[in-house]
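Me: Could you take me on a close look at one part of this protein and then show me how the rest is built around it? I would enjoy a connected account that I can follow in the viewer.

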Amino acid sequence: MDSWVKRYWIGGRRLPERNHYDDPVPKGRMEFSGAVLDVDGTVVRGNDPIPGAPAGYGRIQEAGIETLFVSNNPTKAPPAYVDRLGAAGYDVDADRVITAGTVTTEYLRRHHATDDLICIGAPGLLDQFDDAGLSTTDDIEAADALVASIDHEFDYDDLCTGLWALDRGIPFIGTDPDIVIPAPDRDVPGSGAVIRSLAAVAERDPDIVLGKPSDPAIAMVRERLSHPPEECLVVGDRLDTDIALGARAGMTTALVLSGVTDEADVAESDVEPDHVLDDLGEIGQLIG
Ligand SMILES: [Mg+2]
């Protein structure tokens with residue numbers, strides 16, 4: 001399968017048509033109006049900027065490209081990202097940041113606004129639910145839905161809670177699919193690990209997993225970045241979240257090798273990025 005066909009059929013789902021013959025520059029530099037930048041592994045590792053990435057971000061800004069930072073971290077709200085990114089040298093406003101917490105909170109507001117939610121997740125996620133006026137409970141028998149997410153305190157009692165609550169057939173919602181996430185020293189378990197543990201004990205899959213590359217995340221990106229998908233570029237270090245989101249949304253994708261993915265992973269994966277860069281500092285190779 002050549003790369004063009006593969007790109008349009010990722011996940012067995014046909015993506016929006018692009019007029020291939022009118023594409024002015026199918027490879028190499030293109031004019032983009034919007035960009036979606038991943039955070040961890042793409043612009044920062046821990047609290048430090050990835051070498052070259054601040055210059056790449058500056059290049060994107062100089063080109064007048066509207067930028068959104070989109071992270072699958074569900075534990076922090078956008079204002080925390082303004083501080084963290086600002087300290088690492090990226091000047092950004094809160095409305096330019098979307099996290100898995102933002103996407104999950106919005107999804108719950110739309111679909112579970114009056115429900116009592118039982119949450120296995122970090123205090124930072126529960127704070128976001130609280131701020132949005134969502135109702136949470138510890139009552140396994142009364143809960144209307146269960147939300148699962150990264151939780152450093154996750155233990156045997158949580159497995160019991162998940163087993164008993166999910167046995168009642170209530171909706172099972174995950175914040176994001178990341179099995180492992182990068183930490184300053186080495187990768188650590190993420191939301192996907194907690195969600196899969198609960199899925200295993202309850203013997204049922206989640207009804208929806210939010211964050212990248214879910215449909216609600218794509219819808220939120222498209223709402224905030226009001227440019228046609230074919231004028232947008234997605235840059236990230238994960239094939240199954242960042243690149244999959246861009247491919248599913250019909251956007252051009254660039255994988256950076258500064259995070260969790262190496263060239264061997266790219267060769268093995270069904271998800272094929274349009275471009276592969278060592279880091280964001282090389283973005284000048286793609287933008288006009
Ligand atoms: Mg990342």
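Reply: Happy to! Let's start with helix H9, whose buried residues are Leu-239, Thr-241, Asp-242, Ile-243, Ala-244, Leu-245, Gly-246, Ala-247, Arg-248 and Ala-249. Please keep in mind that this is a predicted model. In H9, 10 of the 11 residues are buried, so the helix is largely enclosed by the rest of the structure. The buried set includes Asp-242 and Arg-248 as well as Leu-239, Ile-243 and Leu-245. Just past the end of H9 comes Gly-250, with a positive phi of about 80 degrees.

What does H9 do for the interior? The largest nonpolar core has 69 residues, and the ones with the most contacts inside it are Ala-35, Val-43, Leu-146 and Leu-233. Helix H9, spanning residues 239–249, gives the most to this core, with 6 residues. Both domain 1 (3–100 + 216–285) and domain 2 (106–209) contribute residues, so the core lies between them. As general background, nonpolar side chains in soluble globular proteins tend to be buried together.

That brings us to the two domains themselves. Domain 1 is made of two stretches, 3–100 and 216–285, while domain 2 covers 106–209. Taken over C-alpha atoms, their centres are 27 Å apart. Where they touch, domain 1 supplies 15 residues and domain 2 supplies 18. On the domain 1 side, the touching residues divide into 6 nonpolar, 6 polar and 3 charged.

Now for the sheets, beginning with the one of 6 strands. This sheet is open, its pairing is parallel, and the order is E5-E4-E1-E13-E14-E15. Strands E5 (97–99) and E15 (275–277) are at the edges with a single partner strand each, so one side of each has no neighbour in the sheet. From one strand to the next, the twist averages 20 degrees. At the E5 end, strand E4 (residues 66–71) runs parallel to E5 and is joined to it by 3 bridges. You can find this pairing at Phe-69, whose bridge partner in E5 is Val-97. Across E4 and E5 lies helix H3 (residues 78–87), which runs at about 120 degrees to E5.

The other sheet has 5 strands; it is also open, with parallel pairing, in the order E7-E6-E8-E9-E12. Here the edges are strand E7 (135–136) and strand E12 (208–209), each with a single partner strand, so one side of each is left without a neighbour in the sheet. At one edge, E6 and E7 pair in the parallel sense over 2 bridges, and Asp-116 stands opposite Ser-135 in E7. E6 is mostly covered, with 4 of its 5 residues buried. At the other edge, strand E9 (residues 172–174) pairs with E12 in the parallel sense, again over 2 bridges. There, Ile-173 has Ile-208 in E12 as its bridge partner. Helix H6 (residues 156–166) packs on this sheet, touching strands E6 (116–120), E8 (145–148) and E9, and its direction makes about 145 degrees with that of E6.

Finally, Leu-146 is a good place to bring the threads together. It is among the residues with the most contacts inside the core. Leaving aside residues up to four places away in sequence, Leu-146 touches Ile-118, Gly-162, Ala-165, Leu-166, Ile-170, Phe-172 and Ile-173. If you then go back to H9, you are at the helix that gives the most residues to that core.

Terms used. Residues are numbered from 1 along each chain as its sequence is written. This is a predicted model: local features need pLDDT of at least 70, side-chain atom pairs count only at pLDDT 80 or more; totals for chains, interfaces and linings use all residues. Domain bounds come from an automatic or database domain assignment. Two residues are in contact if their C-beta atoms, placed from the backbone, lie within 7 Å. Ala, Val, Leu, Ile, Met, Phe, Trp, Tyr, Cys and Pro count as nonpolar, Asp, Glu, Lys and Arg as charged, and the others, Gly among them, as polar. A nonpolar core is a set of buried Ala, Val, Leu, Ile, Met, Phe, Trp, Tyr and Cys residues joined through C-beta atoms within 7 Å. A residue is buried if 20 or more other C-beta atoms lie within 10 Å of its own, exposed if 12 or fewer, and partly exposed in between; C-beta atoms are placed from the backbone. Two strands pair if DSSP finds at least two bridges between them. Axes are lines fitted to C-alpha atoms, for helices over the stretch in contact, and angles run from 0 to 180 degrees between N-to-C directions.
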